[in-house]
Amino acid sequence: MASKPPRYSAAGLLTKGARGQTWPRVWREVPLQKKYDVVIIGGGVHGLATAYYLATNHGITNVAVLDKAYLGSGGSGRNTAIVRSNYLTPEGVAFYDRSLTLYNSMAVDLNMNVMFSERGHLTLAHNDSALRTMHWRAEVNKLQDIDSSVIDPNEIKKLVPSLDTSNESRYPILGALYHPPGGIIRHDAVVWGYARGADHRGVEMHQKTEVLDILVEGGDGPDGKGPGGKVTGVRTSRGDISAPIVVNCTAGWATLISDMAGVKLPISTRPLQAAVTEPVKVFLPAVVVSGSLHVYVSQTDRGELVFGAAVDPYNNYNIRGSLDFTEGLAGHVLELMPGLSRMRLLRQWAGLCDMTPDYSPVMGFTPVEGFLCDVGWGTYGFKAGPVAGETMAECIATNSTPKLIEAFKLERFAAGNLVGEKGAAAVGH
Amino acid sequence: MSASELGRLAAQSGEVIDRTSPIRFNWNGNSLTGFKGDTIASALMANGERIVSRSMKYHRPRGYMTADFWDPNGFVQVGDDPNVRSGHRLIEDGMTIEPQNVWPSLDRDIKAANGLVGRFLSAGFYYKTFIKPQKLWPAYERVLSTFAPGGKVDLDTPHRYHDKRYTHPDVVVAGGGPAGMAAAAAAAEVGANVLLVEHEHQLGGHLLWGSDADRAVAAELANRVSAAGVEVLTNTTLTGRYEDNWVGIVQRSHPLAVERLIKARAKILVVAPGLIERPYVFAGNDKPGVMLSGAVRRLVNMYGVKPGARAVVFTANAEGDAAAADLDRVGIDVARVVDARNGENVVSASGSSKSVKSVKLGDGSEVEADLLVTATGWTAPTSLLNMAGDRPVYDEGSARFYPSVTVDNVLSTGGISGDGSVDELVAHGEATGQLAAGRASVVKHRVQALTARSVPVAGPEPEWTADFRPELGRDDHPELFRSTTHGIVDFSEDVGSKDLVAAAKEGYDSVELLKRYTTATMGPAQGKLETVNTVAVLAEARGETIEQVGTTVWRPPYVPITLGGLAGRNFEPVRVSSIQPWHEANGVTPIIAGAWIRPEHYGNPADEVNNTRTNVGITDVTPLGKLDLQGPDVPKLLSQLYTNKWMKLPIGSVRYGLMCAEDGVVLDDGVTGRLGEEHYLMTTTSSGAASIWEWAENWLQTEHPEWQVHVTPVTTGYTSINVAGPKSRELVGRLVDDVDLSAEAFDYMRVRTGTVAGVENCIMWRIGFTGELSFELHVPSGYGLHVWETLMAEGADLGVKPFGLEAQRIMRLEKGHFIVGQDTDGLTQAPAVGMNALIKLDKEDFAGKAELAWAMESDQVPHVVAIQTVDPTIVPGEACQILKGTTNEIVGRITSSRMSPTLNRSVCLGQVDTAHAEAGTELTVLLRNGQRIKANVMSHHAHFDPEGERLRG
């Protein structure tokens, strides 16, 4: 067990600064052991949050989080860091509201400033049917005490002066769903904060440790894998590890990892592209989303505009990004904010999204005993990171499915009980 | 020594400025003069301006360091253009240039006080503070965000678009230095069609600031390029290499466009960007007056600018030696040449905030100087190769990265590939150009062989040209990254080597984590100056080699591109029907419906409803989706797409159908009629016109390629007019002679083809959404306006009036017809809409069958029902929630609501759960204002004429 590390604070910065001291490692570098109680595959927000809550809420600390690259190298570091809870279904609202609550207190809980910027989230409506959907969401949200309402173009203009709210534009803005608690957060800090918190409680983080196979005995499939089997451990690029519980917390590779255990997932993988501009002085105070124009945008405290769009319309593992994406994106951004034509696009990238048929995740137990999944997060995995970690930890510790994720079980696809967040997820962020 | 030691030198033999053409511009409120050909940087330095910006975090004064496009200190605001690279942008008459990131002014900057507390503001300090009290973080955040670097966006900036250009050259060469020019010329000389793009304003690369002999070689190569017919674009940069050599090129030199995006499919791409000089890390390395050797040589030789009065030159290579020689030649006092190859070193630079004053050397001595020139090696900008999948490999001996294995259709030459004399570089470039041309001809042959053409491709495919180029050498170069002191590594982010070491010790010790934590290499140069030093400092901190640490991944674009350039002309076409001129001339209020602009109403929708119900109304329904289906297997396709049966539809008949996605959710609805033996016309909702076409093609192309069906979208091929109302038969009869319109001959749900107002081949349907007797006319679109005007004229005595979308929506709601996407949503499965008779589970297959089989068994589906409020004057807003009694439990919602002019009361459609779907159930509706009202579930969807007597009339 690690000794109690110094807390982060302004006073600590002053003392260490004055004395020229450095801080201890954010997480320890320790040798990989042969045996753990729980092995978590994927060192992103989901995997690290699961490890953190296993340790804090359930006292399970003999846990290893494995990542084939560095912590936060997948979707956790590639998303556009938007958080909100104005979902459509009561289940969706309850789930994401819990996540938002955890994000809200995260800086204090993890003793790391994750720079949660509760700046308001606007989803624009450019036609009457979109406006009707905004009203629908607002009415549902109000009943669940979520701060969410429909505002008109004048109010929108006051909140975000850079938007073209005139009726001269090709797709005039008719209104917006305004969600003041929504905002952005420093996604990397969330990763580091969870890793640090988990490390303090004894969890081990192992980077550059790629899982090559999942060891299963007694299953119906080839090599004793598949339904009916029982997990015994994992084979990694640094040797075999035995563990009675293995959790798949990956994105982009979720199906490939599950295949290693003989578990088939109804998931297809698509890239979601994003881009960032050069910094300029801060002028955009809220997160702006336009479903019709396939764009969402926010400005970081560093002054960069961060853009995202809809997932690419084809299955692909390519994370390089495409030229036509940036062209379309720029066109749509200028539709919304014509004054930005001289801002410069600095960098583009893509992340991988694991899409399920009902735009909802796959969480909890699988037909292979000891092999659990927290995958299929589509385009909204980051928002759900904390609550997913909390519920997965409970699932592992209690060996039963928490109510909050009951609807996300893998069995639902065979039973025909798909989850109904698809309507709302159509306007992704 | 003072800033005025900067200035203009006597004319230089290689200068690119025109001293006979003075240019006046405005800098920081002062009017200054430069010459044509000056960059902003050269003009400012010629005017004695040493400080151009303040650094991001500590607001330290900064002067030019590289004096080119990559200069991290050279960002300025030019009019409404933020973040302009002043080392690259040429001055223009009347240009207004302002410093960025200064507060309140360039000379006196209050935030410079941050420098005093720098040791408390180590990289990532913000992650460790402002945590408690949480309530104060928003206030802290506002302060932090004032430190955002960069210029200002002027929200009134117009989008001056320019069309993009597409081109398909055999060979694209990125970089017009000696190797690039030689490659372009050599490829063109053997017949390749070549595009050469050069980032700078002139071809020549480093030869431009070299000796007279160097410039003679450059001129000769430029002539050769021109003679060979190469297309040359200067001040143009290749920004990204994407799949299959799809390359983006940004042309900043177009006479009309701010920036023009050129998209090229290069058969072979030659990457020849040269090298980017690397800064040296030491205490005070960001002081104004510390410059790289390339910057000094460029300023002296190309712009005749005196960069200082007394110089120390720290050199590890020939460029540094040449810089010392250049300075000496133009009469600048070279106080000391510090030769790294002899183990000499620079330890620190100190001075005032305005300039370096003295330089401390490794031997402990101090030399007074206002200019410190460093030449410590290069970074190979392998970015474009990385985008093609290449991973650079570090070479200790020459202290830089090299490409490893490139893909077949991307070649590299010049400095990025190795060192050599000018002749050797040219020879390598020529060999590369020939190789590129050879391979391009193979690619061309393959493309032609794949393309259908009348004349077959001649001969067999040429052999893929093997790469037998002689390798360029690698000159020995000392590994010089950081001195014995700490200094700035990332100048635009104000990140020092000390920050990097501290972060690495904290565990952010892989290059990607380090980058994310400290933001080193995340600024506008995207690591072109900083990456290698960052990697070197990390390697040092970890006790590893640079090779072990590796580099970050370079992502596109190679240089930033304006959003305006990327967007180009925004193609968002507007669709209107051929009747639009009439609508506009007759007081229409338009509504934007996706791509279409269509009539919402002509003044009073209620009057339009009343007239249609009493007399006759006509409405323009052109956006209605129309798919012409032909072939023997059309019934199979229809059976696959719709939930009901289609194998036996008689000719001349029309059937309504419901389409579901695989998840059983209602996707679209509409009618399809059989026009002939193997000829059908399908109508879809207006919003589904495009997606249902794709949906049909998806089934045909991926699931049933054996079906013989041809689908042609004809939505815009016809103008569609619905003629509705009790007098509609009489009105249509006045325009049609060749079809018997009588109720017996042409009854409800039939289709006929005939002549309307003299227009042949019109399709007439006896259907309608309004609930009235109605005829839907599809007229070849060129004649739409004619038919409309004829209807208006012929029907004057019948009281014909137009009606818009709003009246149509009211009438359909009175009739209880649901709208897909309004009364249904992304979750509504087919059983919800009350048409279970149309779901034929005994069919072999149809889209959504498996899900619907489940859904039909389950009772837990929402139901679309007609709802009337107890108080007929209240119209609940659409999306108002229906609650269980006095609780907040949601049991449904209002999906459509209007005041009905026909019934003189409010009418609604809504979705409710099974427990509340029974006719007569009392519902509680929560209005948007919070009030709860009572409403009842009706026994029939139709509020009006449930038996449908009117429409069958």
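User: How many residues of chain A are in contact with chain B, and how many of chain B with chain A?

Analyst: This is a predicted model, in which local features need pLDDT of at least 70, side-chain atom pairs count only at pLDDT 80 or more, and totals for chains, interfaces and linings use all residues. Residues are numbered from 1 along each chain as its sequence is written, and chains are lettered from A and ligands numbered from 1 in the order in which they are written. Two residues are in contact if their C-beta atoms, placed from the backbone, lie within 7 Å. The contact involves, from chain A and chain B respectively, 77 residues and 76 residues.

User: Which element supplies the largest share of the side of chain A that touches chain B?

Analyst: Helices (H or I, at least four residues) and strands (E, at least two) are DSSP runs, numbered from the N terminus. Elements that each supply at least two residues of this side include α1 (10-19), α5 (128-143), α9 (323-336) and β17 (344-355) of chain A. The largest share, 8 residues, comes from α9(A).

User: Which residue of chain B stands opposite L345(A)?

Analyst: Two strands pair if DSSP finds at least two bridges between them. β17(A) and strand β32 (residues 561-562) of chain B are joined by 2 bridges and run antiparallel. Opposite L345(A), in β32(B), stands I561(B).

User: Are α2(A) and α7(A) roughly parallel or roughly antiparallel to each other?

Analyst: Axes are lines fitted to C-alpha atoms, for helices over the stretch in contact, and angles run from 0 to 180 degrees between N-to-C directions. The axes of helix α2 (residues 45-58) of chain A and α7(A) come within 8 Å and cross at roughly 30°. Angles under 35 degrees count as roughly parallel, over 145 as roughly antiparallel, 65 to 115 as roughly perpendicular and the rest as oblique. The two helices, α2(A) and α7(A), are therefore roughly parallel.

User: How many charged residues has the contact of α2(A) with α7(A)?

Analyst: Among the residues that meet are L48(A) and Y52(A) in α2(A), and V191(A) and Y194(A) in α7(A). Ala, Val, Leu, Ile, Met, Phe, Trp, Tyr, Cys and Pro count as nonpolar, Asp, Glu, Lys and Arg as charged, and the others, Gly among them, as polar. The contact has 11 nonpolar residues, 1 polar residue and, as for charged residues, none.

User: Which strands stand at the edges of the open sheet of 4 strands in chain B?

Analyst: The order of this sheet is β9-β15-β14-β13, with mixed pairing. Each edge strand has a single partner strand, so one side of each is left without a neighbour in the sheet; these strands are β9 (165-167) and β13 (236-242) of chain B.
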